Amino acid sequence: DLNDYYLPMSVRGKITSIGNVKTYNDLKKALSSYGISLETDEEKFNKNPNTEYKLLSVSGQKLITGIETYRTMFGNNALSKLKKIVISDKEETATAAYYFNKKGEKDPKAGSLRFKNYDIDGVTVFHELAHAMQDSFAKKGEDAISYSARVVSSAKLHKNFKAYFGANSEAMKAEKFADAFGKGIAQGDKLGLDFINRIFKMYGKH
């Protein structure tokens, strides 16, 4: 339930209006207001974009809540690199993935957030949007991974905070950063919330 999330008060005040996102077309229109396109491999959404599907509407509301939260806390540029969201991506092997360019790369999928299915939980939404924020805030000469390593150190993410099992060792700090946001906002994890608050005090929108 969105009301159980740890959200800025101004975002909490938008939950009722966010609840109006009920169809694929509703979600597409809402995302377009942030400059984000929406695609799907789900035939039923392409055939009936104005039909209400409960799981899609709940997931869409989580996505909009997540985007509003990052933009409220860290400014309108917090997700500037995020240009496309794909739900029910038949080619995606992971549950969800944000694609970005590592140093020297030119990934054709860079700037896209892809979900294998359209039933998406809150931890996953805030986790993946954190990767988009890492990518968006990386300075010249950095990528999302090196940016994350810098911020995990400067904002002092607690050493006992664990990333999800199986996280790539190269990107471990980026995954811990994203997990802190996912578990902090969606589940109220104290170590995660402490980290988020320190980032906000250091880099947030004032």
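This tour of a predicted model goes through its aromatic pairs, one histidine and one helix packing.

**Aromatic rings.** Start by displaying the rings of Phe, Tyr and Trp; with centres within 6.5 Å taken as the criterion, there are twelve aromatic pairs. Select F74 and F200. Their ring centres lie 6.4 Å apart and the planes meet at 70°, so this pair is edge-to-face, the class for planes over 60 degrees apart. Colour the backbone by helix next: F74 belongs to helix α5 (residues 54-74) and F200 to helix α9 (residues 190-203), so that the pair joins distant parts of the chain, 126 residues apart. Turn on the surface. F74 has 6% relative accessibility and counts as buried, whereas F200, at 25%, is partly exposed.

Now extend the selection to Y5, Y70, F126, Y147, F177, F181 and F195. Together with F74 and F200, these residues form a cluster linked by ring pairs.

**H131.** Move to helix α6 (residues 122-137) and select H131 there. Is H131 buried or exposed? With a relative accessible area of 8%, H131 is buried. Show its neighbours, leaving out residues up to four places away in sequence: H131 touches Y98, A174, E175 and A178.

**Helices α7 and α9.** Return to α9 and add helix α7 (residues 144-154); the axes of the two are 10 Å apart, at an angle of about 100°. An angle of 65 to 115 degrees counts as roughly perpendicular, and α7 and α9 are therefore placed in that class. For the contact itself, select R150, V151, V152 and S154 in α7, which meet F195, I199, M202 and Y203 in α9. Coloured by class, this contact shows six nonpolar residues, one polar and one charged. F195 is also a member of the aromatic cluster.

Definitions and conventions
Residues numbered from 1 in each chain as written. Predicted model: local features only at pLDDT ≥ 70, side-chain atom pairs only at ≥ 80, totals over all residues. Heavy atoms only, no water. Phe/Tyr/Trp six-rings, centres within 6.5 Å; stacked < 30°, edge-to-face > 60°. Helix = DSSP H or I, 4+ residues; strand = E, 2+ residues; numbered from the N terminus. Buried < 20%, exposed > 50% of the residue type's maximum accessible area, 1.4 Å probe, protein only. Contact = heavy atoms within 4.5 Å. Axes fitted to C-alpha atoms, helices over the stretch in contact; angles between N-to-C directions. Parallel < 35°, antiparallel > 145°, perpendicular 65-115°, else oblique. Nonpolar A, V, L, I, M, F, W, Y, C, P; charged D, E, K, R; others polar.
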